[in-house]
Amino acid sequence: MALWAPAATMPLRGERICPKFAADEPSSVLRFFADLEALFVRNQVQDEIDKKKHATYYTPASVEYVWKALSEFTDAQKTYVEFRDAVTALYGYRALQHGWTRHHLNAHLALYVMTRLWVGVYLAD
């Protein structure tokens, strides 16, 4: 299986111009996607699958694994917008508007990941 790499026109991970997501600051997810979408326009990225891959490429590894576990990422029929909305629903403004704290968000994400792992192990048996 070949490794995926960003298009030559998109910045590499860690470059000054690449979008930044601070996992310890959930509200930064909206800014991250706004910056990413500006890069899509500038670099003429239109493929839905490539957009989803770019989104996970620029995140810390721990965040990347969670985002890639979403069905909106793995299902090729799901659009980038559906993926983005699923991510922001995990710990975006919707959660913050309900008064959730970082602790609540971390607990929710941990439960979600553990459930996905358990279902995967259960179905594999």
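**Figure 1. Burial and helical content of the predicted model.** Of the 125 residues of the protein, 34% count as buried in this predicted model. The secondary structure comprises seven helices and zero strands. Along the sequence, the elements follow the pattern α-α-α-α-α-α-α.

**Figure 2. Close-up of helix α2 and its buried residues.** Helix α2 spans residues 48-57. Its buried residues are Lys51, Lys52, His54, Ala55, Thr56 and Tyr57. An α-helix has 3.6 residues a turn, so residues three or four places apart point the same way.

**Figure 3. Close-up of the N-terminal end of α2.** Asp47 caps this end of the helix. A side-chain oxygen of Asp47 lies 3.2 Å from the backbone nitrogen of Ile49. Asp47 also belongs to a negative surface patch, as does Glu48, a residue found in helix α2.

**Figure 4. Close-up of the negative surface patch.** The patch is formed by Asp47, Glu48, Asp75 and Glu82. Glu48 has a relative accessible area of 31% and is therefore partly exposed, since this class lies between the limits of 20% for buried and 50% for exposed. Patch members are required to have over 30% relative accessible area, and the value for Glu48 is 31%.

**Figure 5. Close-up of Glu15 and Tyr58.** Glu15 lies in the segment before α1, the helix of residues 28-42. Because its relative accessibility is 34%, Glu15 counts as partly exposed. Glu15 and Tyr58 are 43 residues apart in sequence. In space, the C-alpha atoms of Glu15 and Tyr58 are 9.9 Å apart.

Methods
Residues are numbered from 1 along each chain as its sequence is written. This is a predicted model: local features need pLDDT of at least 70, side-chain atom pairs count only at pLDDT 80 or more; totals for chains, interfaces and linings use all residues. Side-chain values use heavy atoms; hydrogens and water are left out. Buried means under 20% relative accessible area, exposed over 50%, partly exposed in between (1.4 Å probe, protein chains only). Helices (H or I, at least four residues) and strands (E, at least two) are DSSP runs, numbered from the N terminus. A polar contact is a pair of N or O atoms within 3.5 Å; within protein, one must be able to donate a hydrogen and the other to accept it, and residues adjacent in sequence count only if both atoms are side-chain atoms. Patches are made of residues with over 30% relative accessible area and no salt bridge: like charges are joined within 9 Å, nonpolar side chains (Val, Leu, Ile, Met, Phe, Trp, Tyr) within 5 Å. Accessible areas come from the Shrake-Rupley method with a 1.4 Å probe; for residues, only the protein chains shown count as cover. A salt bridge is a side-chain nitrogen of Lys or Arg within 4 Å of a carboxyl oxygen of Asp or Glu. Lys and Arg count as positive and Asp and Glu as negative; His and the chain ends are not counted. The place of a charge is taken as NZ of Lys, CZ of Arg, CG of Asp or CD of Glu.
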